[in-house]
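Thank you all for coming; I would like to take you through one structure this morning, beginning with a pair of strands and ending with an enclosed space. Please have the sequence and the model open as I speak.

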Amino acid sequence: MVTQPKGRVVLVTGASQGIGRAIALRLARDGANVGLVDLKGDKLAGVEKEVEAFGAKALSVVADVSRRDEVFGAVQQVEKGLGGFDAIVNNAGIAQVKPLADVLPEDLERIFRVNVDSVVWGIQAAATTFKARGTKGKIINASSAAGHEGFPMVGVYSATKFAVRALTQAAAKEYASAGITVNAYCPGIVGTDMWVEIDERFSQLTGAPKGETYKKYVEGIALGRAQTPEDVAALVAFLCSDDADYITGQAILTDGGLVYR
């Protein structure tokens, strides 16, 4: 079991549900104090109580991660409120199912602001804080199996996740001399509300019965089941730990054997 040093402070974006919630709970279980960042303040309150049930401290911050000033503000609030800052998990993201021929400028702007811009702001805010504190730190970004292989109907989503891999590699090289590691995790087919939305959209576009697209992709997983948010959280917990100190610039697939690189 990977154990976080007691008192380590980790900020998780998109923490109100799904993978973000699972990451926050796993980190709390392992001994870390957790800053919870999301737009859905009502849901954050429940996650905060769940984190505290593990004996960890939690601090909720309502913020729009696509806005640079709000990300910097969230990091400052977490650092001050929890008395430290050791890692950031840039988890927040949205999906988009649309044929490339139908993609509009506003579609591109929205998904890139949430999936890519937020990662840039998170990297900047975390690195600035680590340097000011004179400490090493860890930056962990959400990519995807679709960041290793482009899939039809989710081409723009795939592009944002390829971009996260590029940012992860560049940041790892830029910040290594400061002792800051930067890595990404790449989930596959996870049983969350996001995949419910993806499946419904595929149904609308292709005429496939609801549940059919999800079933098709799950059948392509070597381990024979869909991924759980806890599967993803286990990798993120490792990347937050001292055991991952010599890993940087990597985008690690955690998809049960769907995409191979």
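Before I name any partners, let me say what I mean by pairing: two strands pair if DSSP finds at least two bridges between them. Please also keep in mind that this is a predicted model.

With that in hand, strand 1, residues 9-13, pairs with strand 2, residues 33-38, in the parallel sense over five bridges, and within strand 2 the bridge partner of V10 is V34. Between these two strands the chain passes through helix 1, residues 18-29, and the resulting β-α-β crossover is right-handed. Strand 1 also pairs with strand 4, residues 87-90, again in the parallel sense, over three bridges, and there L11 stands opposite I88.

Is strand 1 buried or exposed? Five of its five residues are buried, so strand 1 is largely enclosed by the rest of the structure. Looking at the side chains, V9, L11 and T13 point one way, while V10 and V12 point the other way, and all of them are buried.

T13 brings me to the cavity, since T13 is among the residues that line it, together with V65, V71, N90, N91, A92, S118, V119 and G122. The structure holds one cavity of 30 Å³ or more, and about 40 Å³ of space lies in the largest cavity. The largest share of its lining, three residues, comes from helix 4, residues 105-133, and the lining as a whole divides into four nonpolar residues, five polar and no charged.

Definitions and conventions
Residues are numbered from 1 along each chain as its sequence is written. This is a predicted model: local features need pLDDT of at least 70, side-chain atom pairs count only at pLDDT 80 or more; totals for chains, interfaces and linings use all residues. Side-chain values use heavy atoms; hydrogens and water are left out. On a 1 Å grid over the protein atoms alone, a cavity is a set of points where a 1.4 Å probe fits but cannot get out, and a pocket is an open set with protein on both sides within 12 Å along at least five of seven lines; lining residues have an atom within 4 Å of a point. Grid points are joined across faces, edges and corners, and a volume is the space filled by probe spheres set on the points. Helices (H or I, at least four residues) and strands (E, at least two) are DSSP runs, numbered from the N terminus. Ala, Val, Leu, Ile, Met, Phe, Trp, Tyr, Cys and Pro count as nonpolar, Asp, Glu, Lys and Arg as charged, and the others, Gly among them, as polar. Buried means under 20% relative accessible area, exposed over 50%, partly exposed in between (1.4 Å probe, protein chains only). A crossover is right-handed if, with the strands pointing away from the viewer, the path from the first strand over the helix to the second runs clockwise.
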